[in-house]
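This report walks through a single protein chain, from helix packing to individual residues. Have the sequence and the model open while reading.

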Amino acid sequence: MIAWSAVASVVGLAGTAALVARLKSRWPAWGPERYWVLGLAALLPAWLMAFLAPIGPPGGEGPNKPLFIITSALPLLGIIVTDALLRHWRAEGRAPGPIACWFLGIAAILPGWGITLITLALKKNS
């Protein structure tokens, strides 16, 4: 599942990067939040694939609950923090550009996805 998650991340990053490049030239007045959401969408499928991988069939061994909670809470915390940063910068009148907002969205999901992949790798080795 780690390999499929990595493939989904490459496809998501490439696809949303191309979309950001196209949209910033076509609609330059778009708000930074839209590019931030595209950054979230870049890694969200990859994180979801890795997050749901440890869930076995019904009646089987379930995931490790503390790690399951941490790997689900990290992306949510990243979304809350980066959204607050973006709102703060926008209120000050210094909102970052489209590419920076896209990277900010990626940065929201990246820690949770990374910890989820590490958890999967450790579970696979044990």
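H1 and H4 are roughly antiparallel, because angles over 145 degrees count as such and their packing angle is about 180 degrees. Their axes lie 12 Å apart. On the H1 side, the contact is made by Ile 2, Ser 5, Ala 6, Ser 9, Leu 13, Thr 16, Ala 17, Val 20 and Lys 24. H4 answers with Pro 98, Ile 99, Trp 102, Ile 106, Trp 113, Leu 117, Leu 120 and Ala 121. The model is predicted.

H1 also packs on H2. Here the angle is about 170 degrees, and the axes are 8 Å apart. This pair, too, is therefore roughly antiparallel. Residues of H1 in the contact include Trp 4, Ala 8, Gly 12, Leu 19 and Leu 23. Those of H2 include Tyr 35, Leu 38, Ala 42, Ala 46 and Met 49.

The two packings compare as follows.

| Helix pair | Angle between axes | Distance between axes |
|---|---|---|
| H1 and H4 | about 180 degrees | 12 Å |
| H1 and H2 | about 170 degrees | 8 Å |

**Overall architecture**

The protein has four helices and zero strands. Along the sequence the pattern reads α-α-α-α. The C-alpha atoms fill a box of roughly 50 × 25 × 25 Å along the principal axes. Of the 126 residues, 32% count as buried. Contacts over long sequence separations carry much of the count: among contacts with a separation of 6 or more, 82% join residues 24 or more positions apart.

**Helix geometry**

H1 has 25 residues. Its first and last C-alpha atoms are 36 Å apart, close to the expected 36 Å at 1.5 Å a residue. The buried residues of H1 are Ser 5, Ala 8, Ser 9, Gly 12, Thr 16, Val 20 and Leu 23. They pack against H2 and H4.

H4 has 28 residues, so it should span 40 Å at 1.5 Å a residue. Its end C-alpha atoms are 40 Å apart, which agrees. H4 is nevertheless kinked: a bend of about 35 degrees lies at Leu 110. Pro 111 follows shortly after that kink.

**The nonpolar core**

Which residues have the most contacts inside the largest nonpolar core? They are Tyr 35, Leu 38, Trp 102 and Trp 113, in a core of 23 residues. Helix H1 (2-26), helix H2 (32-52) and helix H4 (98-125) each supply at least two residues of this core. H2 gives the most, with 10 residues.

Trp 102 deserves a separate look. Leaving out residues up to four places away in sequence, Trp 102 touches Leu 13, Thr 16, Ala 17, Val 20, Tyr 35, Trp 36, Leu 38, Gly 39 and Ala 42. Arg 34 sits 68 residues from Trp 102 in sequence, yet their C-alpha atoms are 8.5 Å apart. Arg 34 is found in H2. At 46% relative accessibility, Arg 34 counts as partly exposed, because that value falls between the 20% and 50% cut-offs.

**Where H3 meets H4**

Thr 82 lies in helix H3 (residues 65-91). Is Thr 82 buried or exposed? Its relative accessibility is 7%, so Thr 82 counts as buried. Buried means under 20%. Beyond its sequence neighbors up to four places away, Thr 82 touches Trp 36, Leu 104 and Ala 108.

Leu 104 is in helix H4. At 12% relative accessibility, Leu 104 also counts as buried. With the four nearest places in sequence on either side left out, Leu 104 touches Trp 36, Thr 82, Leu 86 and Trp 89. Trp 36 thus appears in the contacts of Thr 82 and in those of Leu 104. Leu 104 and Ile 55 are 49 residues apart along the chain, and their C-alpha atoms are separated by 29 Å.

Lys 65 is also in H3. At 63% relative accessibility, Lys 65 counts as exposed, because the cut-off for exposed is over 50%. Lys 65 and Ala 29 are 36 residues apart along the chain. Their C-alpha atoms are separated by 44 Å.

Key
Residues numbered from 1 in each chain as written. Predicted model: local features only at pLDDT ≥ 70, side-chain atom pairs only at ≥ 80, totals over all residues. Heavy atoms only, no water. Core = buried A, V, L, I, M, F, W, Y, C linked by side-chain atoms within 4.5 Å. Buried < 20%, exposed > 50% of the residue type's maximum accessible area, 1.4 Å probe, protein only. Contact = heavy atoms within 4.5 Å. Expected span 1.5 Å × (residues − 1). Bend = angle between axes of the 7 residues up to and from the residue. Axes fitted to C-alpha atoms, helices over the stretch in contact; angles between N-to-C directions. Parallel < 35°, antiparallel > 145°, perpendicular 65-115°, else oblique.
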